[in-house]
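Please open the structure in your viewer and keep a selection tool at hand. The tour below proceeds from one selection to the next.

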Amino acid sequence: MVVKVVWHNEELYGCEYLKLENKSENLVIQSTVIYVDEKKTNAHNLNYYVELDEHWRTKRFSINVDNIDSIELHTDGHGNWFNTDGESIYNLKGAIDIDISATPFSNSLPINRINWSINQIEHFHMVYISVPSLETKKVPQTYQYIRKEGELKYFKYRCYDYETIICVDSNGLVVDYPNAFSRIL
């Protein structure tokens, strides 16, 4: 299976090209994000790679910003995170999924790991990676499956005081993230 998507960034001028492939027992995601910062004083090129197990649990990821700054972390899938030297990152303990600030792809991880029922609410801890700084922290997020229309599913997403309705396709990939990202392909 190979899935390709392109998202338009509605907050900042930019777009993303993502390719998801099923390789052996892993899902491999490779993506390029290009965007202009909020002040319109700088443009950024972000490349990221994510390796997931067959249950959509993150195994490892790497992010490179402007071919200058990068981060690579891996996990045991049970909330323990490690740097490239194998050292534990204790402030991320308990987080299963990642949330890269510059992409809607991150929403697919918790959505695809759960067998959802209408009105079901799930709480997650995410490893939030702020782009372009690559600062990481653990953040709480909540998803509620609210309805299905044909092949599309709608989730109420909440992180701290921010709340919106996200629409995903049959692959769990974002179609519409209001005022943030919209799918072109």
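**Aromatic contacts**

Begin with Tyr145, which counts as buried at 5% relative accessibility; buried means under 20% relative accessible area, exposed over 50%, and partly exposed in between, with a 1.4 Å probe and protein chains only. The model is a predicted one, in which local features need pLDDT of at least 70 and side-chain atom pairs count only at pLDDT 80 or more, while totals for chains, interfaces and linings use all residues. Residues are numbered from 1 along each chain as its sequence is written, and side-chain values use heavy atoms, without hydrogens and water.

Add Phe155, buried at 0% relative accessibility. Rings of Phe, Tyr and Trp (its six-membered ring) pair if their centres lie within 6.5 Å; planes under 30 degrees apart are stacked, over 60 edge-to-face, and the rest tilted. The count by this rule is nine aromatic pairs. Tyr145 and Phe155 are a stacked pair, 5.1 Å centre to centre with 25° between the planes. Tyr145 belongs to strand 10 and Phe155 to strand 11, so the pair ties together parts that are ten residues apart in sequence. Strands (E, at least two residues) and helices (H or I, at least four) are DSSP runs numbered from the N terminus.

Next, select Tyr157 and Tyr162, an edge-to-face pair at 6.2 Å centre to centre and 65° between the planes. Tyr157 is buried, at 4% relative accessible area, whereas Tyr162 is partly exposed at 37%. Extend the selection to Phe124, Tyr143, Tyr177 and Phe181, which form one aromatic cluster with Tyr157 and Tyr162.

**The largest pocket**

A pocket is an open set of points on a 1 Å grid over the protein atoms alone, where a 1.4 Å probe fits, with protein on both sides within 12 Å along at least five of seven lines; lining residues have an atom within 4 Å of a point. The largest has a volume (the space filled by probe spheres set on the points) of about 690 Å³. Of its 28 lining residues, Glu11, Ser101, Ala102, Tyr128 and Phe181 are closest to the centre. Display strand 10 (135–149): this strand gives the largest share of the lining, three residues.

**The second largest pocket**

Finally, select Ile111, Asn112, Ile114, Lys153 and Ser170, which lie nearest the centre of the second largest pocket among its 14 lining residues. Its volume is about 170 Å³. Helix 1 (108–113) and strand 11 each supply at least two residues of this lining.
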